[in-house]
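Visitor: I have a structure open and would like to go through its side chains with you. Can we start with the inside and work outwards?

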Amino acid sequence: MSAVLELLKSHRSIRKFNEQPITPELLEELLLAGQSAATSSFLQGTSIVRVVNNDNRAKLAQLAGNQRYVITAAEFLVFCADLKRAGNYCVEYGKAFEGNYTEHFIIATVDVALMAQSLVTAAESVGLGICYIGGIRNNPGPVSELLKLPRGVYPVFGLCLGYPDQDPECKPRLPLSVILKQDVYNETGDKEAIADYDEVIREYYRSRTGGGHGISWTEQVATLLSEKSRPHMREFLSGQGFTFK
């Protein structure tokens, strides 16, 4: 079995880090590895803000929902979708800037995810742990103000990087039979497979919480999709120039 396959299947989110720093040389290599990810239309629509100021780290931790590992991780990076950089050259070449189309937003956002995941794989291959911080979208306006993000740029998520000080279990994923469809979308057998998976997830949570709650996957996602989720994002994105034509 390929070592890369084993690495990818062993991913865990790490929320406790020791005090060992990441050397500048290693961080540069990780960023270069991430930068080598695929990029649609060669846009390269990702910018990263490395947050080293302790006060700013503390503010971001609070804005993200009081997630302390934003402070304790060796590195905290904010991944941003960036249409401004490429848009700057529309003027130079005498072209109208049409970066507010939905497709351009999708391209830049996907670029961010691809680059981040390539960086994460590189980081985990050398013994680092990571935790994505989607919570920065709880307060995207103050986050953007703190990071001085201009129009045409928005923060997609944060990323904690550091050497792990914990060894959590891998969280079981849905059965492959549920997510892989043959030729056309169908749900044959999905309900039964997901019912079995619910029991696996209940047991995972019970063991993780020392016999505490054993919520199922279906209960968890039903709650997620039945509640309003960051309803401020559309107005925020519009203010940043993403108006979704």
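Visitor: How many residues are in the largest nonpolar core, and which have the most contacts inside it?

Guide: This is a predicted model. Its largest nonpolar core has 28 residues. Those with the most contacts inside that core are Phe 79, Leu 119, Tyr 154, Leu 159, Leu 161 and Leu 237.

Visitor: Which helices and strands each supply at least two residues of this core?

Guide: Three helices are on that list: H2 (24-35), H6 (102-125) and H11 (233-239). The strands are E2 and E4 (153-162).

Visitor: And which one gives the most?

Guide: H6, with 9 residues.

Visitor: Take Leu 161. What does it touch, leaving out residues up to four places away in sequence?

Guide: Leu 161 touches Phe 17, Ile 22 and Leu 27, then Ala 73, Ala 74, Glu 75 and Leu 77. The rest of its contacts are Leu 119, Ala 123, Gly 129 and Ile 130.

Visitor: What other core lies apart from the largest one?

Guide: Another core, of 21 residues, lies apart from it. Ala 61, Val 70, Phe 76 and Ile 133 are among its members.

Visitor: Moving to the surface. Which residues form a nonpolar patch there?

Guide: Ile 106, Val 110 and Leu 114 do, with about 220 Å² of accessible area together. Val 110 lies in helix H6, and it counts as partly exposed because its relative accessibility is 40%.

Visitor: Charges next. How many salt bridges does the structure hold?

Guide: It holds 9 salt bridges. In one of them, Arg 50 pairs with Glu 75, and the closest N and O atoms are 2.8 Å apart.

Visitor: Where do Arg 50 and Glu 75 lie?

Guide: Arg 50 lies in strand E1 (residues 46-50) and Glu 75 in strand E2 (residues 75-82), so the pair ties together parts that are 25 residues apart in sequence.

Visitor: Is Glu 75 buried or exposed?

Guide: Glu 75 is buried, at a relative accessible area of 4%. Its partner Arg 50 is partly exposed, at 47%.

Visitor: What about Glu 6, which residue does its side chain meet in a salt bridge?

Guide: The side chain of Glu 6 meets that of Lys 9, with an N to O distance of 3.7 Å. Both residues lie in helix H1 (residues 3-9), 3 residues apart, about one turn of the helix. Glu 6 has 40% relative accessibility and so counts as partly exposed, while Lys 9, at 56%, counts as exposed.

Visitor: What is the partner of Lys 181?

Guide: Lys 181 forms a salt bridge with Asp 190, and their closest N and O atoms are 2.7 Å apart. Asp 190 is buried at 8% relative accessible area, whereas Lys 181 is partly exposed at 22%.

Visitor: Which residues are linked in a network of salt bridges?

Guide: Glu 199, Arg 202 and Glu 219 are linked that way.

Visitor: Last topic, cysteines. How many disulfides are there?

Guide: A search of the whole structure finds 0.

Visitor: Why is there no bond between Cys 131 and Cys 160?

Guide: Their sulfurs are 5.5 Å apart, which is too far for a bond, because a disulfide needs the two sulfur atoms within 2.5 Å. The sulfur in Cys 160 is the closest cysteine sulfur to that of Cys 131. Cys 131 counts as buried, at 2% relative accessibility.

Visitor: And how far is Cys 170 from the nearest cysteine sulfur?

Guide: For Cys 170 the nearest cysteine sulfur is that of Cys 131, 14 Å away, and Cys 170 is in no disulfide. At 33% relative accessibility, Cys 170 counts as partly exposed.

Notes:
Residues numbered from 1 in each chain as written. Predicted model: local features only at pLDDT ≥ 70, side-chain atom pairs only at ≥ 80, totals over all residues. Heavy atoms only, no water. Salt bridge = Lys/Arg side-chain N within 4 Å of Asp/Glu carboxyl O. Helix = DSSP H or I, 4+ residues; strand = E, 2+ residues; numbered from the N terminus. Buried < 20%, exposed > 50% of the residue type's maximum accessible area, 1.4 Å probe, protein only. Core = buried A, V, L, I, M, F, W, Y, C linked by side-chain atoms within 4.5 Å. Contact = heavy atoms within 4.5 Å. Patch = residues over 30% accessible without salt bridge, like charges linked within 9 Å, V, L, I, M, F, W, Y side chains within 5 Å. Areas by Shrake-Rupley, 256 points an atom, 1.4 Å probe, with all protein chains shown as cover.
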